[in-house]
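I opened the notebook to record a few look-ups in this structure. The entries follow in the order I made them.

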Amino acid sequence: MHIFITGSGQLARLVAAVLGARPGIRVTSATHADDAAHPKSLPRGRALEELLRELSPAVVLHLDQPGEEAFGDRAGQLQTIDLLGACAAAGVGRVVLRSST
């Protein structure tokens with residue numbers, strides 16, 4: 001199973017490490033990668049859709065969310081909407097969103 005994870009925080013790094021250590025699971029991290037094979041920032045719009053089509057993950061874990069202190073962060077909300085649209089267009093079967101509320 002291929003899992004695509006967004007986020008650069010401690011939670012995203014921990015989840016990527018735990019899942020990546022499991023047999024049969026391949027993890028691609030979007031915003032905390034150390035090599036060119038993984039994007040360092042989440043693309044937007046058509047580029048994000050194309051990336052998801054190319055990678056063809058079974059699951060997207062969207063852990064790149066602001067905490068409660070940033071509640072109402074418009075940019076973060078728009079990024080999530082963009083990601084959900086790209087997942088739908090690319091045929092991603094499951095999406096998990098981190099929520100602070």
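Which strands do the buried residues of α1 pack against? I kept in mind that the model is predicted. I found that these residues pack against β1, β2 and β3, the last spanning 59-62.

Entry on the helix. I looked up α1, which covers residues 10-20. I listed its buried residues as A12, A16 and L19. They lie on the same side of α1, because the arc they cover around the axis is only 75 degrees. I then turned to the other side of α1, where Q10 and L14 are exposed.

Entry on the strands. I checked how β1 (residues 2-6) and β2 (residues 26-29) are arranged, and they pair in the parallel sense. I noted four bridges for this pairing. For H2 I looked up the bridge partner in β2, and R26 is that partner.

Entry on the connection. I asked myself what kind of unit β1, α1 and β2 make. I recorded a β-α-β unit, and a right-handed one.

Entry on A88. I located A88 in helix α3, which runs over residues 74-90. Is A88 buried or exposed? I entered A88 as exposed, because its relative accessible area is 62% and the cut-off for exposed is over 50%. I also took the C-alpha separation between A88 and L52, which is 9.9 Å. Along the chain, A88 and L52 are 36 residues apart.

Note on methods. Residues numbered from 1 in each chain as written. Predicted model: local features only at pLDDT ≥ 70, side-chain atom pairs only at ≥ 80, totals over all residues. Heavy atoms only, no water. Pairing = 2+ DSSP bridges. Helix = DSSP H or I, 4+ residues; strand = E, 2+ residues; numbered from the N terminus. Right-handed = clockwise from strand over helix to strand, strands pointing away. Buried < 20%, exposed > 50% of the residue type's maximum accessible area, 1.4 Å probe, protein only. Arc of directions from axis to C-beta. Contact = heavy atoms within 4.5 Å.
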